[in-house]
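This report looks at two topics: a pocket and the salt bridges. Please keep the structure in view while reading.

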Amino acid sequence: MTGERVLVIDDEPDMLENCRRMLRRSGLDVRTLQDATKVREVTTEFAPDVLLLDLRMPEVDGMQVMATALADDPLLPVVIMTGYATVASAVSAVRDGAFDYLAKPFSKEQLLVTVERAVRYRGLQVENRELRKQVPGVAGHHQIIGDSPAMARVLEPLLRVAATSANVLITGESGTGKELVARSVHENSDRSGPFVPIDCAALPEHLLESELFGHERGAFTGAVQQKVGLMIRASKGTLFLDEIGEMSQGLQAKLLRVLEERLVRPVGSTREIPIDVRLVAATNVDLEAAVDNGTFRVVHFLDEFARASNKELPRVAPEAWEPIERYAWPGNVRELRNLAQRLVVFDADARITTSDLPAEIRGTGTPVEDATPLDVPYEEARDAALRAFRKSYLRDLLDRTAGNVSQAARAAGVSRRTVHRWMIEDEE
């Protein structure tokens, strides 16, 4: 950060001085203001790139100050600071346009990371605004260029769906401009909130869940402060989930529940928060094929029975998907539903492995119990059998995908990190 302008508004002189000192040492141009009633005068003259704003001040409420600042500059990222750190105030601030939320007292690192993110966000917003002025694209479509009949056939249904409140799934190979289409859907809708993108393939499952739903302080190791999730940050706007096919089945089930109930529960919280967000997702995976082979439907039934039994949704181990997908299911959906109920009832560790499946589903080959030695403890024999299966499964998987790890991960229904970990463990 070099030279970006930051305005800090607080009624406490010590807080103003501490923020000024920490931010200036990072190369920022800092202005402080103790009298919040003069915000319009100062912002007009100083033109800040970021506004740090106290929520509770004697002269005027911080939310009113934020509304005034955003009315003059809708692209200005506002970071709310307060000693009254509650979920309610954080959600209210974000819904009304705040970029982020800092609970006092905060560290220098927390302050600088938040301001750096705000500066980067400001730069992207300004750049997008200028590009839209310069690029001669199709009217109403963000950076989509072209007026051929083929392009018109793409844009016509896009306009129709943008005018509705329906969630949208965009499919296509990598590099075909799925995010541009998603932005165009947002910009041609009547939603007044922000467009918030996230790459589902870039984060491990527990971090992706925290990013989407938020978390409470102390919810897990490293959760040193409360975090507002992207589903709340995108309030009245659009949440874009890129590469949703990389999301784990367990997290897909949680996301489905949120979309159905329009309520989100931050990790580690018992409180459910209402949301108003439109979901646009993109993938290069054939999700219809995944539904046809039962991958998604199994998770739906597992979630149904886990909720009815007040149990945690069990995670299906990668090696257990192959026999489930291969099985013919002569009893159709009823048989699939009965299996899900059985797995939930007998589940003891929130994890379903191949050994938990009935013999007829595991296949007609050598049953797992016949392939394991009987002169060792059960858990040791089970682990040995699973290691042998995974090694064989991984070898066949990489053969079918010519060693392409990304394709192998998609075929197995796991992340690229998981395939890399299998490869490393297989070499040990």
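Helices and strands here are DSSP runs, numbered from the N terminus; a helix needs at least four residues and a strand at least two. The model is predicted.

**The largest pocket**

Start with the open space. The largest pocket holds about 1500 Å³. Its lining is made up of 44 residues. Nearest the centre lie Tyr121, Gln125, Pro194, Phe195 and Val196. Several elements each give two or more residues to this lining. The helices are α4 (87-95), α5 (108-134), α7 (178-187) and α9 (230-233). The strands are β7 (195-199) and β10 (238-242).

Which element gives the largest share of the lining? Helix α5 does, with nine residues. By class, the lining counts 19 nonpolar, eight polar and 17 charged residues.

**Salt bridges**

Now turn to charged pairs. The whole structure has 17 salt bridges. Three of them are set out here, each with the distance between N and O atoms.

| Acidic residue | Basic residue | N to O distance |
|---|---|---|
| Glu17 | Arg20 | 2.5 Å |
| Glu45 | Arg31 | 2.9 Å |
| Asp100 | Arg117 | 2.7 Å |

Take Glu17 and Arg20. Both sit in helix α1 (residues 13-24). They are three residues apart, so about one helical turn separates them. Glu17 is partly exposed, at 33% relative accessibility. Arg20 is partly exposed too, at 23%.

Next come Glu45 and Arg31, which form a salt bridge. Glu45 belongs to helix α2 (residues 39-46), and Arg31 to strand β2 (residues 29-33). The bridge therefore ties together parts that lie 14 residues apart in sequence. Glu45 counts as exposed because its relative accessibility is 54%, and the cut-off is over 50%. Arg31 is partly exposed, with a relative accessible area of 30%.

Asp100 and Arg117 meet through their side chains. Asp100 lies in strand β5 (residues 100-103), while Arg117 lies in helix α5. This pair links parts that are 17 residues apart in sequence. Is Asp100 buried or exposed? Asp100 has 9% relative accessibility, so it counts as buried, the limit being under 20%. Arg117, with a relative accessible area of 30%, is partly exposed.

Some salt bridges share partners. Through them, Arg5, Asp49, Asp73 and Arg122 are joined into one network.

Helix α5 thus appears under both topics: α5 gives nine residues to the pocket lining, and Arg117 of α5 pairs with Asp100 of β5.

Methods. Residues are numbered from 1 along each chain as its sequence is written. This is a predicted model: local features need pLDDT of at least 70, side-chain atom pairs count only at pLDDT 80 or more; totals for chains, interfaces and linings use all residues. Side-chain values use heavy atoms; hydrogens and water are left out. On a 1 Å grid over the protein atoms alone, a cavity is a set of points where a 1.4 Å probe fits but cannot get out, and a pocket is an open set with protein on both sides within 12 Å along at least five of seven lines; lining residues have an atom within 4 Å of a point. Grid points are joined across faces, edges and corners, and a volume is the space filled by probe spheres set on the points. Ala, Val, Leu, Ile, Met, Phe, Trp, Tyr, Cys and Pro count as nonpolar, Asp, Glu, Lys and Arg as charged, and the others, Gly among them, as polar. A salt bridge is a side-chain nitrogen of Lys or Arg within 4 Å of a carboxyl oxygen of Asp or Glu. Buried means under 20% relative accessible area, exposed over 50%, partly exposed in between (1.4 Å probe, protein chains only).
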